[in-house]
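Visitor: I am new here and would love a friendly tour. Could you take me through this one step by step?

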Amino acid sequence: MKIISNPYELKKYLNGTSQSVGFVPTMGALHKGHISLIKKAKEENTFVVVSIFLNPTQFLKGEDLEKYPKKDEADKKICEIAGVDVVFFPHAKDIYTPDEASILAPNVRGYILEGASRPGHFNGVLSIVMKLLHIVNPTKAYFGKKDAQQLNLISLMVKQFFMDVEIIAVDTMRESDGLALSSRNIYLSQEQRKEALKISVSLYEASKMVSKKELHTTTIIKAMREQLAPLEISYVEIVNRGFEPIEAVEIGNTIILVEAKVGDTRLLDNIWL
Ligand code: AMP
């Protein structure tokens, strides 16, 4: 496995490869969710690149950029064991220069839900993904359904900028009790971890309501809010796969999303119906 930190060196290394390249962008502190993306990339490509870059521009002032878990050595080992061909490990100075162009998230879809909780967050996400896709020039790039809005905005960007990469959505990996894996779970105390389970339970209960033919989104959202109490809820929303609000669940075209705070930790989860 090769580790490269310079973008130009990586471009040169990958240039002219006739193999299909699968790309998995991450911010490090890798867990089984990330590994499932890597596995899928390996199944579908002959060459796999993983980037590990804690992207500062997607954090708002006062968020957890400084305390975000860093596990560089463990991450490299995980990649090696998973059979990654190249880890791209850039420094911020290799990626950003002062006063440069950037991508702006769409005015509506970039500022609802997660974008309303974190205004400007998706500008940072789209800008770094655009840069990384230009550096790696992959055949396919892999993103988790766990960050459903991010996945939607990246898929839109790639289409709107006529880019030649296929975006692949990967299912959310969970702990055996249902908690969605996240690098931020490390912040949770044992007590908070128990509280956090309310999030996946509320989604599971919502899907049970739907299977019993309760399709009204306001009724489902009300029940979920009751189950989530006393967590501080940022949003509970039901949208179609294009991220438009809907009045009734449409099976095969619906995402139910939750963001709630457990202590100081903001946790995201969703279910695709
Ligand atoms: P991050 O390092 O948090 O930026 O995540 C890197 C990629 O892994 C993103 O595409 C995430 O959506 C994805 N990811 C994060 N958690 C999970 C999970 N539990 N299951 C599947 N994919 C995940």
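Guide: Gladly! Please keep in mind that this is a predicted model. A good place to begin is Lys76, whose charged end sits over the ring of Phe89, 5.0 Å from the ring centre.

Visitor: Over the ring of which residue does the charged end of Lys67 sit?

Guide: To count as sitting over a ring, the NZ of a Lys must be within 6 Å of the ring centre. Lys67 has its charged end 4.3 Å from the centre of such a ring. The ring belongs to Tyr187.

Visitor: What kind of aromatic pair do Phe53 and Tyr96 form?

Guide: A search of the whole structure finds 3 aromatic pairs, and Phe53 with Tyr96 is one of them. Their centres are 6.4 Å apart, with 40 degrees between the planes. Planes under 30 degrees apart count as stacked and over 60 as edge-to-face, so the rest are called tilted. The pair of Phe53 and Tyr96 is therefore tilted.

Visitor: How many residues apart in sequence are the parts that this pair ties together?

Guide: Phe53 lies in the loop between β3 (47-52) and α3 (72-82). Tyr96 lies in the loop between α4 (92-95) and α5 (114-117). The pair therefore ties together parts whose separation in sequence is 43 residues.

Visitor: Is Phe53 buried or exposed?

Guide: Buried means under 20% relative accessible area. Phe53 has a relative accessible area of 6%, so Phe53 is buried.

Visitor: And what angle lies between the planes of Phe59 and Tyr68?

Guide: Phe59 and Tyr68 are both buried. They form an edge-to-face aromatic pair, 5.9 Å centre to centre. The angle between their planes is 80 degrees.

Visitor: Let's move to the ligand. Which residue has a side-chain N or O atom 2.6 Å from an oxygen atom of the ligand?

Guide: Of the 17 residues around the ligand, Met27, Gly144, Asp147, Met173 and Leu181 come nearest. Met27 places a backbone N or O atom 2.9 Å from a ligand oxygen, while Leu181 has a backbone N or O atom 2.8 Å from a ligand nitrogen. The side-chain contact at 2.6 Å comes from Asp147.

Visitor: How much of the ligand's exposed area does the protein bury?

Guide: Taken alone, the ligand exposes 480 Å². Of that area, the protein buries 92%.

Visitor: Which element gives the most residues to the shell around the ligand?

Guide: β2 (21-26), α2 (32-44) and β5 (140-144) each supply at least two residues of that shell. By class, the shell has 7 nonpolar, 7 polar and 3 charged residues. The element that gives the most, with 3 residues, is α2.

Technical notes. Residues are numbered from 1 along each chain as its sequence is written. This is a predicted model: local features need pLDDT of at least 70, side-chain atom pairs count only at pLDDT 80 or more; totals for chains, interfaces and linings use all residues. Side-chain values use heavy atoms; hydrogens and water are left out. Rings of Phe, Tyr and Trp (its six-membered ring) pair if their centres lie within 6.5 Å; planes under 30 degrees apart count as stacked, over 60 as edge-to-face and the rest as tilted. Helices (H or I, at least four residues) and strands (E, at least two) are DSSP runs, numbered from the N terminus. Buried means under 20% relative accessible area, exposed over 50%, partly exposed in between (1.4 Å probe, protein chains only). A charge sits over a ring if NZ of Lys or CZ of Arg is within 6 Å of the ring centre and within 35 degrees of the ring normal. A residue is near a molecule or strand if one of its heavy atoms lies within 4 Å of it. A polar contact is a pair of N or O atoms within 3.5 Å; within protein, one must be able to donate a hydrogen and the other to accept it, and residues adjacent in sequence count only if both atoms are side-chain atoms. Accessible areas come from the Shrake-Rupley method with a 1.4 Å probe; for residues, only the protein chains shown count as cover. Ala, Val, Leu, Ile, Met, Phe, Trp, Tyr, Cys and Pro count as nonpolar, Asp, Glu, Lys and Arg as charged, and the others, Gly among them, as polar.
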